[in-house]
Amino acid sequence: MANETPTKTGALTQGKPYAVELAPGKPYFFCTCGESSNQPFCDGTHKGSGFTPKKFTVEEAKTYYLCGCRESANLPFCDGTHRKEAGIRKYNEFLLKRNTELTTKLALLDKKVKLTTAVAAAAAGVAIVLGAVRLYGR
Ligand code: FES
C-alpha cells in the first residue's frame, strides 16, 4: 500500500469508517477534503481548496475501512481515531453545524408556509368578493 500523510485534515463526513470492497492493484483516490459527493472517494470537488486526493492501492481483495473523520494517522485507512477525543470533537462540531443548517432551512420553510397561507387566504378573499360582485353586482 502506498501512503502519504496529508498536511491538514478535511471535513468529517461521517463519525465512523466507510466499509468498502477494494480490488488489488487498482488505483483509488481517497477524498481528503471531505467535500466529495462520492465519499470516501474523490470526485474533483477539492479543486481550489488546497486539498489533493490521496492516491492509494491495496494488495488484496477484501473489505477495507476508510476514514470518515479525516483524523486518522494512517489515511486513507481508519485507525480508530473517530472514537478518540479528536474524532469525537470533530463529530460533535459536524452535528452542531448540521443542526444549524437544518434550523435555518426550517425557519425558511416556515416563512414560505406562512407566505403561502397568506397568499391562499388573500386569493380566497378575492374569490369571495368576485363571487359577491357577480351575484349582487347586477
Ligand atoms: S473531492 Fe475531496 S479530495 Fe477530491
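**Buried loop, nonpolar core and annotated helical segment**

Arg70 is buried, because 25 other C-beta atoms lie within 10 Å, against a threshold of 20 or more. This holds for a predicted model. Arg70 sits in the loop between S4 and H1. Its backbone is noteworthy too: phi of Arg70 is near 65°, a positive value in a residue other than glycine.

Pro76 also lies in the loop between strand S4 (62-66) and helix H1 (85-136). The peptide bond leading into Pro76 from Leu75 is cis, and its omega is near 10°. A cis bond also joins Gln39 to Pro40, with omega near 5°. Pro40 belongs to the loop that runs between strand S2 (28-30) and strand S3 (54-56).

Both prolines recur in the surroundings of Phe30. Beyond its neighbours within four places in sequence, Phe30 contacts Pro40, Phe41 and Cys42. Its contacts also include Pro53, Lys54 and Phe56. Leu66, Leu75 and Pro76 are further partners of Phe30. Thus Phe30 is in contact with the second residue of each cis bond described above, Pro40 and Pro76.

The largest nonpolar core holds 13 residues. Within this core, Phe30, Cys31, Leu66 and Cys67 touch the most other members. In soluble globular proteins, nonpolar side chains tend to be buried together.

The C-terminal part of H1 carries an annotation. An unreviewed UniProt entry lists residues 115-136 as "transmembrane region". In the model, residues 115-136 are 100% helix and 0% strand. The C-alpha atoms at the two ends of this segment are 31 Å apart.

Methods. Residues numbered from 1 in each chain as written. Predicted model: local features only at pLDDT ≥ 70, side-chain atom pairs only at ≥ 80, totals over all residues. Core = buried A, V, L, I, M, F, W, Y, C linked by C-beta atoms within 7 Å. Buried ≥ 20, exposed ≤ 12 C-beta atoms within 10 Å, placed from the backbone. Contact = placed C-beta atoms within 7 Å. UniProt positions renumbered as here; feature names shortened; annotations may be inferred. Helix = DSSP H or I, 4+ residues; strand = E, 2+ residues; numbered from the N terminus.
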